[in-house]
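Trainee: I am new to this structure and would like a close look at one part of it. Please pick a good starting point and then show me how that part sits in the whole.

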Amino acid sequence: MIGTDKYLNAYVDRRMKYIVDEWDLSTRTDLSDFTGRLNAIEQEIPHLKAFEHTASDKLTELENRAGKLKGRV
């Protein structure tokens with residue numbers, strides 16, 4: 001049984017990169033950078049909300065203008 005354990009451990013060690021990729025596992029590098037990435041995303045939220053509001057206003061304005069142009073034709 002010990003020989004089997006050594007064999008499996010060696011196999012996993014050799015194939016670890018492929019196992020991580022195949023199972024989409026997180027690595028220490030992924031986790032250590034997670035907090036920074038989350039903070040960056042949280043800081044973008046107000047900018048995205050402002051953009052969404054501005055874009056909505058512009059779209060409404062364009063729809064009103066298009067309606068007026070359709071009425072002229």
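**A close look at the helix around Tyr 7**

Mentor: Let's start with Tyr 7, which lies in helix H1, the stretch that covers residues 2–23. Please keep in mind that this is a predicted model. Tyr 7 has a relative accessible area of 53%, so it counts as exposed, the cut-off being over 50%. Tyr 7 also has company at the surface: together with Leu 8, Tyr 11, Val 12 and Met 16, it forms a nonpolar patch. The accessible area of these five residues adds up to about 470 Å². It helps to look at how the numbers in that patch are spaced. An α-helix makes a turn every 3.6 residues, so residues three or four places apart point the same way.

Now follow H1 further along. The helix bends by about 70 degrees at Arg 15. Its span can be checked as well: 22 residues in a straight helix would cover 32 Å, but the end C-alpha atoms of H1 are only 27 Å apart.

Next comes a charged pair, Lys 17 and Asp 21, joined by a salt bridge whose closest N and O atoms are 3.1 Å apart. Why can these two meet? They are four residues apart in H1, which means that about one helical turn separates them. Lys 17 is exposed, at 55% relative accessible area, whereas Asp 21, at 47%, counts as partly exposed. Just after H1, Asp 24 takes a positive phi of about 55 degrees.

To see what surrounds this part, let's move to the other helix. The protein has two helices and zero strands. Its radius of gyration is 27 Å, well over the 11 Å that the globule rule gives for 73 residues, so the protein is more spread out than a compact globule. Helix H2 runs over residues 28–72 and contains 45 residues. From its first C-alpha to its last it reaches 64 Å, close to the expected 66 Å. H2 has a kink too, of about 40 degrees and centred on Phe 34.

H2 also holds a salt bridge, one of the two that a search of the whole structure finds. Here the side chains of Asp 33 and Arg 37 meet, with 3.5 Å from N to O. As with the pair in H1, the partners are four residues apart, about one turn of the helix. Asp 33 is partly exposed at 41% relative accessibility, and Arg 37 is partly exposed at 42%.

Right beside Arg 37 in the numbering is Leu 38, also in H2. Leu 38 is partly exposed, with a relative accessible area of 37%. You can use Leu 38 to get a feeling for distance: its C-alpha atom is 44 Å from that of Ile 2, and the two residues are 36 apart along the chain.

Finally, step back to the whole protein. Along the principal axes, the C-alpha atoms fill a box of roughly 85 × 30 × 15 Å. Of the 73 residues, 1% count as buried. The accessible surface comes to about 7300 Å², and carbon and sulfur atoms account for 58% of that. So when you return to Tyr 7, you can picture an exposed residue within the nonpolar patch on the surface.

Notes: Residues are numbered from 1 along each chain as its sequence is written. This is a predicted model: local features need pLDDT of at least 70, side-chain atom pairs count only at pLDDT 80 or more; totals for chains, interfaces and linings use all residues. Side-chain values use heavy atoms; hydrogens and water are left out. The expected span of a helix is 1.5 Å times one less than its number of residues. The bend at a residue is the angle between axes fitted to the seven residues ending there and the seven starting there. Patches are made of residues with over 30% relative accessible area and no salt bridge: like charges are joined within 9 Å, nonpolar side chains (Val, Leu, Ile, Met, Phe, Trp, Tyr) within 5 Å. Accessible areas come from the Shrake-Rupley method with a 1.4 Å probe; for residues, only the protein chains shown count as cover. A salt bridge is a side-chain nitrogen of Lys or Arg within 4 Å of a carboxyl oxygen of Asp or Glu. Buried means under 20% relative accessible area, exposed over 50%, partly exposed in between (1.4 Å probe, protein chains only). The radius of gyration is taken over C-alpha atoms; the globule rule is 2.2 Å times the number of residues to the power 0.38.
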